[in-house]
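These entries record what I looked up in one structure. I began with the surface and the overall layout, then turned to charged pairs, single residues and the pocket.

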Amino acid sequence: MITLEQHLADHAQSTRYVDGFPRCSCKCGAWMAEVDDRRPTQAHRSHVADAWREAQDAEAAAYVGERVDRIIKSGERDDEMAHNDEDKLLADLVDSYAPPEVKAHVARLAAAPFARWCA
């Protein structure tokens with residue numbers, strides 16, 4: 001997984017001239033600010049962080065999609081195994097993305113004293 005710092009280095013900031021005026025731009029072509037605005041570095045860092053999050057989201061979506069495909073395929077052979085894998089995927093998603101308050105509620109549900117079975 002790429003770090004934000006690596007991504008920032010990959011999107012090196014540069015100064016270009018447009019209509020005779022200096023502009024700060026990212027290597028990807030996005031314009032940040034006028035150089036004399038004194039905010040291009042902040043704007044660039046924010047832009048890169050957004051691009052990094054989008055890349056991470058796309059990577060996570062692809063990974064989840066692959067897991068879902070494997071679960072569906074395993075359901076053709078073993079319903080109970082597919083159900084267990086589905087539960088594990090959902091628990092992993094909560095663990096990875098949910099805020100602590102939501103995790104606490106999900107943990108409370110998992111600990112609730114009722115039988116669980118595949119219908």
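**Entry 1. Surface and burial**

I first looked up the accessible surface of the protein, which comes to about 8,900 Å². Carbon and sulfur atoms account for 57% of this surface. I note here that the model is predicted. I then asked what share of the 119 residues is buried. Buried residues make up 17% of them.

**Entry 2. Layout of the chain**

I listed the secondary structure next and found four helices and three strands. Read from the N terminus, the order of the elements is α-β-β-β-α-α-α. I also looked up the contacts in the protein with a separation of 6 or more, and 33% of these join residues 24 or more positions apart.

**Entry 3. Salt bridges**

Side chains of opposite charge can pair when their charged atoms come close. How many salt bridges does the structure hold? I recorded two salt bridges.

One of them joins arginine 67 and aspartate 92, with the closest N and O atoms 2.8 Å apart. Arginine 67 belongs to helix H2 and aspartate 92 to helix H3, so this pair ties together parts that are 25 residues apart in sequence.

Aspartate 92 also meets lysine 88 in a salt bridge, at 2.8 Å from N to O. Aspartate 92 and lysine 88 are four residues apart in helix H3, and therefore about one helical turn separates them. I noted accordingly that Arg67, Lys88 and Asp92 are linked in a network of salt bridges.

**Entry 4. Surroundings of the charged residues**

I checked whether arginine 67 is buried or exposed. Arginine 67 is buried, because its relative accessible area is 13%, under the 20% limit for that class. Helix H2, where arginine 67 is placed, covers residues 40-75. With neighbours within four places in sequence left aside, the contacts of arginine 67 are Lys88, Leu89 and Asp92. Lysine 88, by contrast, has 48% relative accessibility and counts as partly exposed.

**Entry 5. Two further residues in the helices**

I then turned to serine 74, which is also found in helix H2. Why does serine 74 count as buried? Its relative accessibility is 8%, and buried means under 20%. Apart from neighbours within four places in sequence, serine 74 is in contact with Ala82 and Asp85.

Methionine 81 lies in helix H3. I entered methionine 81 as partly exposed, because its relative accessibility is 42% and that class falls between 20% and 50%. I also looked up the distance from methionine 81 to isoleucine 71, which is 10 residues away along the chain. The C-alpha atoms of these two residues are separated by 8.3 Å.

**Entry 6. The largest pocket**

Rolling a probe the size of a water molecule over the atoms shows where empty space is left. I looked up the largest pocket and recorded a volume of about 370 Å³. Its lining consists of 14 residues. Which residues lie nearest the centre of the largest pocket? They are Asp87, Val106, Leu109, Ala110 and Arg116.

The elements that give two or more residues to this lining are helix H3 (79-97) and helix H4 (100-110). I noted that H3 gives the most, with seven residues. By character, the lining of the largest pocket divides into nine nonpolar, two polar and three charged residues.

**Entry 7. Points carried forward**

I close with helix H3, which holds aspartate 92 and methionine 81. Helix H3 also gives seven residues to the lining of the largest pocket. For the charged network, I retain Arg67, Lys88 and Asp92 as the linked residues.

Conventions
Residues numbered from 1 in each chain as written. Predicted model: local features only at pLDDT ≥ 70, side-chain atom pairs only at ≥ 80, totals over all residues. Heavy atoms only, no water. 1 Å grid on protein atoms, 1.4 Å probe; cavity = no way out; pocket = protein on both sides within 12 Å on 5 of 7 lines; lining within 4 Å. Points joined across faces, edges and corners; volume = space filled by probe spheres on them. Nonpolar A, V, L, I, M, F, W, Y, C, P; charged D, E, K, R; others polar. Contact = heavy atoms within 4.5 Å. Buried < 20%, exposed > 50% of the residue type's maximum accessible area, 1.4 Å probe, protein only. Areas by Shrake-Rupley, 256 points an atom, 1.4 Å probe, with all protein chains shown as cover. Salt bridge = Lys/Arg side-chain N within 4 Å of Asp/Glu carboxyl O.
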